Amino acid sequence: MDDQNDRRHFEDLTVGERVDLGGETLTEAGIVAFAERWDPLAFHVDPAAAERSHGGLIASGYHTLCLTARLAVESFRSEVAAIAGLGIDSLSWARPVRPGGRLEGRLEGIGERPSGRRPDARGFREAVAGRVDGERGGRHEDAGPGGRR
């Protein structure tokens, strides 16, 4: 969808709507490459150090946040007449993602939030939950203004 008029607008979004976002399996090389650039703590970049502190290499939480954001764009947000993001209201990581681990996501509409500056937009609040190998992973709640018709 290239034309904003062809996209879903704020009025089309439903509280309680759920969208499965798909998933991705993380590799050791991908975990290390992300961490070397953005979050170079030893337990993200050095398998030996990670073994001593965490029982093995783990992905940066920011890596998993970025991955779930990408999955949300590919599965949902690219269909919405989005204007910008209003911010992340909460963020938690319940379990680490290790090499070979699969991170899957689900987005749920949880409410609305006024944008404050744009009368032509309303913020749609969403919760994005991650599952790591079928178990509860991370979760964040955010809001972004959707254009009105």
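Colleague: Let's start with Arg-102. Is it buried, partly exposed or exposed?

Modeller: Partly exposed, and the number to read is the relative accessible area. Under 20% is called buried and over 50% exposed, with partly exposed in between. Arg-102 has 32% relative accessibility, so it lands in the middle class. Keep in mind that this is a predicted model.

Colleague: Which side chain does Arg-102 meet in a salt bridge?

Modeller: That would be Glu-104, with 2.9 Å from N to O. For this label, a Lys or Arg side-chain nitrogen has to sit within 4 Å of an Asp or Glu carboxyl oxygen, and the Arg-102 and Glu-104 pair makes a salt bridge. Glu-104 is partly exposed too, because its relative accessible area is 34%.

Colleague: How many salt bridges does the rule give?

Modeller: The count comes to 7. One of them joins the side chains of Arg-70 and Glu-24, at 2.7 Å from N to O. Arg-70 is in helix H4 and Glu-24 in strand E1 (residues 18-25), so this pair ties together parts that are 46 residues apart in sequence.

Colleague: And how open are the two partners? What is the relative accessibility of Arg-70, and what is the relative accessible area of Glu-24?

Modeller: Arg-70 is at 35% and Glu-24 at 30%. Arg-70 therefore counts as partly exposed, and Glu-24 is partly exposed as well.

Colleague: What about Arg-125? Which side chain does it meet in a salt bridge?

Modeller: Glu-141, at 3.1 Å from N to O. Arg-125 belongs to strand E4 (residues 121-132) and Glu-141 to strand E5 (residues 135-147), so here the tied parts are 16 residues apart in sequence. The partners fall on either side of the 20% line: Arg-125, at 21% relative accessibility, counts as partly exposed, while Glu-141, at 17%, counts as buried. When you see values like these, read the number along with the label. The pair also belongs to a network of salt bridges that links Asp-89, Arg-125, Arg-139 and Glu-141.

Colleague: Now a nonpolar residue. Where is Leu-103 placed, and why does it count as buried?

Modeller: Leu-103 is in strand E3 (residues 102-114). It counts as buried because its relative accessible area is 3%. Next, look at what it touches, leaving out residues up to four places away in sequence: among its contacts are Gly-22, Leu-26, Leu-67, Leu-71, Val-97 and Val-132. Glu-24, the partner of Arg-70 in that salt bridge, is also among the residues Leu-103 touches.

Colleague: How many residues apart in sequence are Leu-103 and Arg-136?

Modeller: They are 33 apart in sequence, and 9.9 Å apart in space from C-alpha to C-alpha.

Colleague: How do I read a pair of helices, say H1 and H4?

Modeller: You describe two packed helices by the angle between their axes and the distance between the axes. The axes of H1 (residues 28-38) and H4 come within 9 Å and cross at roughly 105 degrees. That makes H1 roughly perpendicular to H4. From H1, Gly-30, Ile-31 and Phe-34 meet Tyr-62, His-63 and Cys-66 of H4.

Colleague: Take His-63 and Tyr-62 from that list. Is His-63 buried or exposed?

Modeller: His-63 is buried, since its relative accessible area is 13%. Leaving aside residues up to four places away in sequence, it touches Leu-26, Gly-30, Ile-31 and Phe-34. Tyr-62, also in helix H4 (residues 61-75), is partly exposed, with a relative accessible area of 45%.

Colleague: Which residues form the nonpolar patch with Tyr-62?

Modeller: Ile-88, Leu-91 and Trp-93 join it on the surface, and the four together have about 400 Å² of accessible area. Strand E2 (residues 87-93) gives the most to this patch, with 3 residues.

Colleague: Zooming out, how many helices and strands does the protein chain have?

Modeller: There are 4 helices and 5 strands, and along the sequence they follow the pattern β-α-α-α-α-β-β-β-β. Of its 149 residues, 38% count as buried. Among contacts between residues at least 6 apart in sequence, 72% join residues at least 24 apart. As for the outside, the chain exposes about 8,200 Å², and carbon and sulfur atoms supply 48% of it.

Definitions and conventions
Residues are numbered from 1 along each chain as its sequence is written. This is a predicted model: local features need pLDDT of at least 70, side-chain atom pairs count only at pLDDT 80 or more; totals for chains, interfaces and linings use all residues. Side-chain values use heavy atoms; hydrogens and water are left out. Helices (H or I, at least four residues) and strands (E, at least two) are DSSP runs, numbered from the N terminus. Buried means under 20% relative accessible area, exposed over 50%, partly exposed in between (1.4 Å probe, protein chains only). Contact means heavy atoms within 4.5 Å. Patches are made of residues with over 30% relative accessible area and no salt bridge: like charges are joined within 9 Å, nonpolar side chains (Val, Leu, Ile, Met, Phe, Trp, Tyr) within 5 Å. Accessible areas come from the Shrake-Rupley method with a 1.4 Å probe; for residues, only the protein chains shown count as cover. Axes are lines fitted to C-alpha atoms, for helices over the stretch in contact, and angles run from 0 to 180 degrees between N-to-C directions. Angles under 35 degrees count as roughly parallel, over 145 as roughly antiparallel, 65 to 115 as roughly perpendicular and the rest as oblique.
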